[in-house]
Amino acid sequence: MPSGNQAVPSTFSFESVQDVTVVEFCPFDSSAGLIAYGGENRVSLGMCLFQEESEHSHLPVLQFQHITDFHHGTTVHSIAWSPKTNIQHLPYSFQFCTAGDDRKLRYFVSDGRDSSSVTVLEGHLSYINDCIIEPVSGLDVASVSDDHTCRLWDLETGKEKTCIPLGSSGVSVKWNPSEPNKLMVAEKNGIVRFYDLLSQQPIMSLSAGQVPLISADWSKTNALKVGAVAKDDWLIWDMSKSSLPEVADQAHSVNGVCKFRWSNVHDNLFATTGRPGNHINVYHLEHRKIPVSCVMQTGGGLSWHPSLPVCATGGGNKVHLWFLEV
């Protein structure tokens, strides 16, 4: 693997009809390969099938199939997949939630062809920074906003269930399938809190020690690990040891960080994005080399395949994917 900041072109890419600002692989193994990507006014669904490596290359071969598009009416900022998504048998069901620039959440249910419905969830008073659907039952969605709240919504009724006041803007909200009764909420003021959803009370907190905290993620391969980007650094916590970061290093240029996401298959592998443009770095904690460093003029989003070391982000009117050899 190359080290330092040597540019690594994407292993695969496929085109979108608009510039891509958000990308999200479906995180469930039963729907592995499903990907949603969005931009100014639409959400698109596709399927990424990775065939076995060819005789000429040790890399797999990508077969991409576009499934359908949804009119969104406003810029898509965040996409969250539901565990109710089904591509195992007919009728197929694609279920996901989006956060738009208009302070609204939209819950889409579609068979990918003729039948689809959209439920609009309204109540946030400012920009919504992140949303996540409960990964076991798929009955609730959580969202965080610049209005200093984290809100839980009932997806069957479209009604707000809970509003948790925050000390500053909420920037990330995460569920972990291994602990569905806990919710992680990261705030711009550098605090990451875990809430017991039964009591709706915070049960522990982590401190970044620097602001602004921009994005955080809770590792699915090791539920004791939390990662984030704040100011221009990436930060990693081991919750069994301390409420302060165990390790940190510079991620991007000054005040340029955007996203932090853990790999779903390796607990030492993670990625960050930052400015200027859309600059992606992928890191491996054990050897501290940067296996991927690539800059695109525009784009956004950051996601990992649920069962392969494949990372995706948007660049212009394309979705770019990197296959990592780990």
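The exercises below concern confidence, pockets and one sheet in a predicted model.

Residues are numbered from 1 along each chain as its sequence is written, and side-chain values use heavy atoms, with hydrogens and water left out. Because the model is predicted, local features need pLDDT of at least 70 and side-chain atom pairs count only at pLDDT 80 or more, while totals for chains, interfaces and linings use all residues.

**Exercise 1. State the average confidence of the protein chain and locate the stretch where pLDDT stays under 50.**

Step 1. pLDDT is the predictor's confidence in each residue, from 0 to 100. The protein chain averages 92, and 96% of the residues score at least 70.

Step 2. The stretch under 50 is residues 1–5. For these residues the model has 12 contacts (heavy atoms within 4.5 Å) beyond four places in sequence.

**Exercise 2. Describe the largest pocket by volume, centre, strands and residue class.**

Step 1. A pocket, on a 1 Å grid over the protein atoms alone, is an open set of points where a 1.4 Å probe fits, with protein on both sides within 12 Å along at least five of seven lines; lining residues have an atom within 4 Å of a point. Its volume, the space filled by probe spheres set on the points joined across faces, edges and corners, is about 930 Å³.

Step 2. Of the 50 lining residues, N129, D130, K174, K259 and R261 are closest to the centre.

Step 3. Strands are DSSP runs of E, at least two residues, numbered from the N terminus. Those that each supply at least two lining residues include β2 (22–25), β10 (128–133) and β14 (170–175). β22 (257–262) gives the most, 6 residues.

Step 4. The lining has 24 nonpolar (Ala, Val, Leu, Ile, Met, Phe, Trp, Tyr, Cys, Pro), 16 polar (the others, Gly among them) and 10 charged residues (Asp, Glu, Lys, Arg).

**Exercise 3. Do the same for the second largest pocket.**

Step 1. The second largest pocket holds about 320 Å³ of space.

Step 2. Its lining has 13 residues, with I67, Y92, F94, D111 and R113 nearest the centre.

Step 3. β5 (61–71) provides the largest share, 3 residues. By class, the lining divides into 8 nonpolar, 3 polar and 2 charged.

**Exercise 4. Explain why β22 and β25 each have one side without a neighbour in the sheet.**

Step 1. The open sheet has 4 strands in the order β22-β23-β24-β25, paired antiparallel; a pair needs at least two DSSP bridges.

Step 2. β22 and β25 (292–296) stand at the edges with a single partner strand each, so one side of each is left without a neighbour.

Step 3. For β25, 5 bridges join it to β24 (278–284). V282 has V292 in β25 as its bridge partner.
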